[in-house]
Amino acid sequence: MSAVPAAPLPASAEQVPAADGVRRPDLGLLLVPPRARTGWRLVPARVLAMCAVELQKLRHDRTELYTRAVQPALWLLIFGETFTKLRSIPTGNIPYLDYLAPGIIAQSAMFIAIFYGIMIIWERDSGVLTKLLVTPTPRAALVTGKAFAAGVKAVIQAVVVILIAALLGVAMTWNPLRLLGVAVVVLLGSAFFSCLSMTIAGIVLTRDRLMGIGQAITMPLFFGSNALYPVGLMPGWLQAISKANPLSYQVDALRGLLIGTPAHLPLDFGVLALATVLGITAASALLGRLAK
Amino acid sequence: MTDDDAASRDATNRAAADRDATGAGTDTGTGTSTGTSAGTGAAAGAAEAVVCRGLEYSFGKPRAGAARTKAVDGVDLEVRTGEVFGLLGPNGAGKTTTIRAITTLLPVPAGMVRVFGNDTARRKMDVRRLLGYVPQQLSADAGLTGRENVELFARVFDVPRAERAARVAQAIAAVDLVEAADRLVGTYSGGMVRRLELAQALVSAPRLLVLDEPTIGLDPIARTSVWECIDAVRAATGMTVLVTTHYMDEADQYCHRVGLMDRGRIRALGTPAELKAQVREQDPELPHPTLDDVFRHFAGRNLGHGQEGDFSDVRRTRRTASRVG
């Protein structure tokens with residue numbers, strides 16, 4: 001045991017053999033704390049940190065990427081191809097498969113995000129969340145980082161679905177600006193749904209309950225949106241639900257950007273941005289419950 | 001006594017002699033700042049790394065007729081700058097709750113907690129910049145490499161991009177994981193994960209390293225390697241170490257001072273040598289008391305008997321033990 005207090009090494013310490021002949025590692029940088037980032041730069045820095053982690057994880061293990069591609073592929077291949085031939089859903093001059101593809105992109109992104117709260121609970125149980133909460137990261141910045149990390153995952157998933165749709169002959173735009181818009185829409189939508197999931201996680205606190213609630217709300221959100229059919233075909237009460245459902249605005253924007261249907265892009269972006277801000281606020285307020 | 005026990009006792013005696021010879025644990029706590037350049041504001045020049053006064057914390061909602069579980073019941077504590085302080089006690093004693101209040105994870109509903117002069121209730125961000133924290137669970141992300149795990153903490157502590165790689169490399173070298181740094185953490189042993197967590201905590205140059213049961217579930221060799229790592233890093237950086245454990249032999253060997261905690265209260269406080277001397281004086285039937293004897297003497301019961309934490313305490317402990325294999 002060393003004497004206390006120990007004298008710290010000078011910051012410029014070189015790696016030199018000690019008296020016992022063993023080479024000690026240079027710890028010079030570990031004696032100087034990094035300069036704190038303050039103000040508006042804090043949140044983007046934390047968001048980038050969390051997104052980088054998601055990308056690193058995907059780089060090491062792409063299994064999730066492949067397995068998650070199966071369901072949207074089946075929706076497009078079976079449901080899309082069948083209903084295109086049936087022509088039972090009126091979509092104007094647009095083939096039903098083309099009409100469906102943006103809805104399936106939004107659906108697969110939502111499915112990724114809506115169960116993100118399970119990851120937060122897993123991180124709570126494994127101590128990762130606790131450790132992050134002891135860093136100089138405001139809770140809102142941590143939630144924003146996690147939300148956009150879910151968004152990054154969803155964007156990669158969206159790229160996979162777009163490629164599958166292109167292979168099936170869906171006529172989509174390849175305009176880079178429009179595709180950038182698609183990425184922003186997917187990012188915002190996923191950020192909202194992951195915040196919704198983290199909010200529920202902060203209320204129910206256990207994986208089992210969150211899983212049950214996640215499954216209970218996923219299908220109503222999906223079928224209560226314009227992902228599969230035009231809002232005009234819905235009964236009045238479902239149209240009201242659809243108007244309050246952020247997924248509808250996400251699908252509307254994706255359709256407008258990808259296949260050029262009439263869309264309300266400013267309204268869509270505005271609703272998604274507002275929903276994301278509200279989601280971050282709610283999830284941040286409840287994150288502390290997970291730390292107890 | 002087994003050979004292992006004898007060896008452990010010899011090591012303990014050597015460590016105690018070392019501490020006595022250097023005067024560790026007998027200083028007054030003033031003027032012991034090691035002068036690392038970390039810290040902001042009130043932190044500068046604070047002689048005590050941690051001060052708790054009348055700290056209380058209860059779990060459960062205050063409802064009429066329903067009793068709240070008092071996890072911490074009026075804890076007074078001072079951790080001196082530069083020392084290794086051990087908070088000892090059985091599961092459910094209140095150690096982890098105390099640690100969570102010190103690390104700003106829990107609010108401080110009654111009492112006061114200061115870290116290098118910063119009130120944890122008012123200056124959370126300043127306190128967090130001074131802390132390195134290793135929770136009881138194995139908290140490294142198994143889906144990332146060791147280097148990526150450390151990089152994440154370099155990023156969230158705002159290490160500039162220009163020095164990030166070098167700082168991360170130094171933190172990894174400090175815990176002797178250079179060769180395993182680019183392997184996925186899922187392939188690490190329990191002891192390696194613990195050392196990696198130390199690297200994650202060290203990358204921000206903390207002034208106070210807080211370790212919650214760092215050796216739980218590890219085999220004796222891994223336990224020794226983790227403690228040697230902590231000791232070497234502390235000696236090199238001069239940081240203060242606050243550690244909780246229920247392994248009395250470890251505390252005896254590696255801590256300068258210990259606080260024995262039971263049922264939410266500190267039952268005894270001092271250097272292991274001082275506490276043993278007190279027991280020797282008060283109980284002539286124990287000429288060579290161990291810290292277990294000291295605990296029994298001050299808490300009035302054996303360590304490991306009675307109520308040992310609630311379901312979640314035990315589940316967390318077993319989960320960690322299971323993960324370290």
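**Exercise 1.** Which residues of strand 8 of chain B point one way, and which the other way?

*Solution.* Thr240(B), Leu242(B) and Thr244(B) point one way, Val241(B), Val243(B) and Thr245(B) point the other way, and all are buried. Buried means that 20 or more other C-beta atoms, placed from the backbone, lie within 10 Å of the residue's own. Strands are DSSP runs of E of at least two residues and helices runs of H or I of at least four, numbered from the N terminus. In a regular strand the side chains alternate between the two faces of the sheet.

The model is predicted; local features need pLDDT of at least 70, side-chain atom pairs count only at pLDDT 80 or more, and totals for chains, interfaces and linings use all residues. Residues are numbered from 1 along each chain as its sequence is written, and chains are lettered from A and ligands numbered from 1 in the order in which they are written.

**Exercise 2.** Find the bridge partners of Phe85(B) and Leu208(B) in strand 8 of chain B.

*Solution.* Start with strand 3 (residues 84–88) of chain B, which runs parallel to strand 8 and is joined to it by five bridges; strands pair if DSSP finds at least two bridges between them. Here Phe85(B) is partnered by Leu242(B). Next, strand 7 (residues 208–212) of chain B also pairs with strand 8 in the parallel sense, over five bridges, and Leu208(B) has Thr240(B) as its partner.

**Exercise 3.** Where does helix 2 of chain A bend?

*Solution.* The bend is about 30°, at Gly80(A), taken as the angle between axes fitted to the seven residues ending there and the seven starting there. Gly80(A) is also one of the buried residues of this helix, with Pro72(A), Trp75(A) and Leu76(A).

Conventions
Buried ≥ 20, exposed ≤ 12 C-beta atoms within 10 Å, placed from the backbone.
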